[in-house]
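Grab the model and work through a few exercises. Try each task yourself before reading its solution.

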Amino acid sequence: MQKKLVAPSLLASDFANLQRDIEMVNQSDADWFHLDIMDGVFVPNISFGMPVVQAMAKHAQKPLDVHLMIVDPDRYIKTFAKLGVHHLTVHYEACPHLHRTLQAIKSEGMKAGVALNPHTPVSLLEDIIQDIDIVIVMSVNPGFGGQSFIENTYQKVKDLKALIERKKSNALIEIDGGVNDANAKKLVDAGADILVAGSFVFKSDNPTQTIKGLKEKIA
Ligand code: DX5
Ligand code: ZN
C-alpha cells in the first residue's frame, strides 16, 4: 500500500520567519511542502507569488507541492517548472482545456494535479482520471487557511477512490483544508494518500511534534 504522506501548508507559517519554518519542516517527519498560490480572482484572497516560491525553494529539502488557485494557470506552467516545483496542481474549475493543461505540466517534468472545489463532483474526472497524478479534494472552500472541515469530504474521497480503481488510474488523493488529528485517520481509511495541514501544524505549540503525531495517526 502507498505510504501515507503529510504536507504542511506554508500559508499558515510565519512569513516573517519563513526560513525558520521551512527548516522546521525539513527536520520534521513531513513529506512535502504545500504552497498555496492565490490570485485574488479565482479565490477572494492573495497569498504569495513566484519570488517567494523562489526564496522558499532555496531552503526546502523536500518536494514542493504547489496548489494554484488562479485563473488561466497555463500562463505560468513553465515558470513554476523553472523554480524547481515538483507537483503542480490546477483547479478543475479554472481550466476549460484540462487535458491540454495536464499534458503541458507533465511535459515540463512535473507531476500534474487537479483540485476540486467542494461543490465539484468527482464524477467529472471520469474521462481524465488516467492522466492525473494527484487529485486534491478541497475540504474547505479555497482561499483561506483555518476554516472548518466539510464533512461531505469522506464520501467524496470514497467515490474518488472507487473511480481511480475502476479506471486503473495511479492518481493519489490529497486532502486540503481543515485537516487535524480528529479527521486524519478517517480520511486515510476513506482512501486518502496525502493530508495537507496548515493551521493545525503551524498554530500548534510544537509543530514538529504535531507533524509526528499526524504521521503516526495515519501510518
Ligand atoms: C486553502 C488552502 C489550504 C490551506 C489549508 O485554500 O488551499 O492549503 O492552507 O489550511 P488549513 O489546514 O488551515 O485549513
Ligand atoms: Zn492548498
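Helices and strands here are DSSP runs, with at least four residues for a helix and at least two for a strand, numbered from the N terminus. Keep in mind that this is a predicted model.

**Exercise 1. Find where Asp72 and Lys168 sit, and work out what their backbones have in common.**

Step one: locate them. Asp72 is in the loop between β3 and α3 (77-82), while Lys168 is in the loop between α5 (153-166) and β7.

Step two: check the backbone. Asp72 has a phi near 50°, positive although the residue isn't glycine. Lys168 likewise has a phi near 50°, again a positive value outside glycine. For context, most residues other than glycine have a negative phi.

Step three: classify the exposure. Partly exposed is the band between 20% and 50% relative accessible area. Asp72 comes out at 39%, so Asp72 is partly exposed. Lys168 has 71%, so Lys168 is exposed.

**Exercise 2. Place strand β5 in its sheet: which strands does β5 pair with, and in what sense?**

Start with β4 (residues 87-91): this strand pairs with β5 in the parallel sense, over five bridges. To fix the register, look at Leu88, which stands opposite Ala112 in β5. Now follow the chain from β4 to β5: the path goes through helix α4 (residues 98-107), and this β-α-β crossover is right-handed.

Next, take β6 (residues 134-138). Four bridges join this strand to β5, and the two run parallel. Here Leu116 is your register mark, standing opposite Val137 in β6.

Finally, ask how covered the strand is. β5 spans residues 111-116, and five of its six residues are buried.

**Exercise 3. Identify the protein ligands of the zinc ion (ligand 2) and explain why the arrangement is called octahedral.**

First, list the donors. His34 uses NE2, His67 uses ND1, and Asp36 and Asp176 each coordinate through OD, at 2.0 to 2.3 Å. Along the sequence the spacing reads H-x1-D-x30-H-x108-D. His67 belongs to strand β3 (residues 64-69) and Asp176 to strand β7 (residues 172-176), so this pair ties together parts 109 residues apart in sequence.

Second, look at the geometry. Six donor atoms surround the zinc ion, and the angles they subtend run from 70 to 168°, which makes the arrangement octahedral. The ideal values for six octahedral donors are 90 or 180 degrees.

Third, check burial with the cut-off of under 20% relative accessible area. His67 is at 0%, so His67 is buried. Asp176 is at 7%, so Asp176 is buried too.

**Exercise 4. Trace the surroundings of ligand 1: which residues come nearest, and where are the polar contacts?**

Begin with the neighbours. There are 20 residues around ligand 1, and those that come nearest are Ser9, Gly143, Asp176, Gly178 and Ser199.

Then go through some contacts to oxygen atoms of the ligand. The side chain of Ser199 puts an N or O atom 2.5 Å from an oxygen atom of ligand 1. Gly178 uses its backbone instead, with an N or O atom 2.8 Å from a ligand oxygen. Asp36 places a polar side-chain atom 2.8 Å from an oxygen of ligand 1, and Asp36 is also one of the zinc-coordinating residues.

**Exercise 5. Decide whether Val66 is buried or exposed, and see how far His119 is.**

Val66 lies in strand β3. Its relative accessible area is 0%, so Val66 is buried. From there, the C-alpha of His119 is 22 Å from that of Val66, with their positions 53 residues apart along the chain.

Key
Residues numbered from 1 in each chain as written. Chains lettered and ligands numbered in written order. Predicted model: local features only at pLDDT ≥ 70, side-chain atom pairs only at ≥ 80, totals over all residues. Heavy atoms only, no water. Buried < 20%, exposed > 50% of the residue type's maximum accessible area, 1.4 Å probe, protein only. Pairing = 2+ DSSP bridges. Right-handed = clockwise from strand over helix to strand, strands pointing away. Donors = N, O, S within 2.8 Å, 3.2 Å for Na, K, Ca; no water. Tetrahedral: all angles 85-135°; square planar, octahedral: opposite > 155°, others 65-115°. Near = heavy atom within 4 Å. Polar contact = N/O pair within 3.5 Å; in protein donor to acceptor, adjacent residues only side chain to side chain.
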